[in-house]
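Dear colleague,

I am passing the structure below to you, with my notes after it. Please read them with the model open.

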Amino acid sequence: MIIFSAMSKGAVLFFSMTGNNKRFASKASAEKKYDLIELFPGNFLRVFSIPFNSLARSAIKKLSLEKYSDIIIYSPVWAGKPSPAVTELIKSGKLKGKRLRINLTHMGGNDCTEKEVNLLVKSNSLRILSIKMTDLRKK
Ligand SMILES: Cc1cc2nc3c(=O)[nH]c(=O)nc-3n(C[C@H](O)[C@H](O)[C@H](O)COP(=O)(O)O)c2cc1C
């Protein structure tokens, strides 16, 4: 799903299985007047992008982000990492040179996640402005 707004220099990208990240991303997109882009939409079968990350990779391949300078990402933590769609996006090279903010939601099992995301971002030479972790149990 892509909703365009005229002259937007930013995009809010999200992956969501049960709706929380969709809600946060929609709110951020409306507030900032950034385009809203859903990464890898679909049903619960997307959970198989954990063992078969080529599924997420092919969804990311179709994505065009050239016109954006600012990107805000919303994703759940899955198996201690950002969802496979977001991990593949980070590895894809499509975020190079963007001003990047990453927001991750979780259910408490995230001890090493922030450190891992920092390493992932660094090893892909990305410029990151912030990483925010949100524990949904406290929401
Ligand atoms: C396949 C799967 C793996 C998950 N792994 C973790 C995890 O490792 N740590 C954690 O705290 N929460 C984990 N969760 C919970 C999700 O992070 C939480 O439900 C999510 O942030 C909700 O976002 P959404 O409503 O946008 O899908 C997992 C959920 C799913 C479906």
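Ala79 sits in the loop between β4 and β5. This is a predicted model, and in it Ala79 has a positive phi of about 50 degrees although it is not a glycine. Most residues other than glycine have a negative phi. Ala79 is exposed, because 10 other C-beta atoms lie within 10 Å and a residue with 12 or fewer is counted that way.

Phe40 is a further case of a positive phi in a residue other than glycine, with a value near 55 degrees. Its place is in the loop between β3 and α2. Phe40 has 23 other C-beta atoms within 10 Å, so it is buried; the threshold for that is 20 or more. Gly93, just after α3, also takes a positive phi, of about 90 degrees.

The loop between β3 and α2 also holds Pro51. Pro51 counts as exposed because it has 9 C-beta neighbours inside 10 Å. Its C-alpha atom is separated by 13 Å from that of Lys81, and the two residues are 30 residues apart along the chain.

Tyr68 belongs to the loop between α2 and β4. It has 21 C-beta neighbours inside 10 Å and therefore counts as buried. Leaving aside residues up to four places away in sequence, Tyr68 touches Lys9, Gly10, Ala11 and Lys98. From Tyr68 to Gly108 there are 40 residues in sequence and 32 Å in space, C-alpha to C-alpha.

Overall fold

The chain contains 4 helices and 7 strands. Read from the N terminus, the order of the elements is β-β-α-β-α-β-β-α-β-α-β. For 139 residues a compact globule would have a radius of gyration near 14 Å, and the chain has 14 Å, so the two agree. Along the principal axes, the C-alpha atoms fill a box of roughly 40 × 30 × 30 Å. Of the 139 residues, 32% count as buried. Among contacts between residues at least 6 apart in sequence, 76% join residues at least 24 apart.

Strands and crossovers

How many of the residues of strand β2 are buried? For β2 (residues 10-14) the count is 5 of the 5, so this strand is largely enclosed by the rest of the structure. In a regular strand the side chains alternate between the two faces of the sheet. In β2, Gly10, Val12 and Phe14 point one way, while Ala11 and Leu13 point the other way, and all are buried.

β2 pairs with β4 in the parallel sense over 5 bridges, and Val12 has Ile72 as its bridge partner in β4. β2 is also joined by 4 bridges to strand β3 (residues 35-38), again running parallel. In that pairing Phe14 stands opposite Glu38 of β3. Together β2, α1 and β3 form a right-handed β-α-β unit.

Strand β7 (residues 128-135) is joined to β6 by 7 bridges, and these strands run parallel. Arg101 has Ser130 as its bridge partner in β7. Between these strands the chain crosses from β6 through α4 to β7, in a right-handed β-α-β crossover.

Helix α3

Helix α3 (residues 84-91) is mostly covered, with 7 of its 8 residues buried. Those buried residues are Pro84, Ala85, Val86, Thr87, Glu88, Leu89 and Ile90. Their cover includes α2 (54-61), β4, β5 (81-82) and α4 (113-123).

Ligand shell

Which residues are closest to the ligand? They are Ser16, Asn20, Asn21, Pro76 and His106, out of 19 residues that surround the ligand. The elements that give two or more residues to this shell are α1 (20-32), β4 (70-78) and β6 (99-106). β4 gives the most, with 3 residues. By type, the shell divides into 8 nonpolar, 11 polar and no charged residues.

To tie the parts together: β4 both pairs with β2 and gives the most residues to the ligand shell, and it is also among the elements that cover the buried residues of α3. α1 is part of the right-handed unit with β2 and β3 and also gives two or more residues to the shell. β6 likewise gives two or more residues to the shell, and it is joined to β7 by the 7 bridges mentioned above.

Regards

How values were computed: Residues numbered from 1 in each chain as written. Predicted model: local features only at pLDDT ≥ 70, side-chain atom pairs only at ≥ 80, totals over all residues. Near = placed C-beta within 6 Å. Nonpolar A, V, L, I, M, F, W, Y, C, P; charged D, E, K, R; others polar. Pairing = 2+ DSSP bridges. Right-handed = clockwise from strand over helix to strand, strands pointing away. Contact = placed C-beta atoms within 7 Å. Rg over C-alpha atoms; globule rule 2.2 N^0.38 Å.
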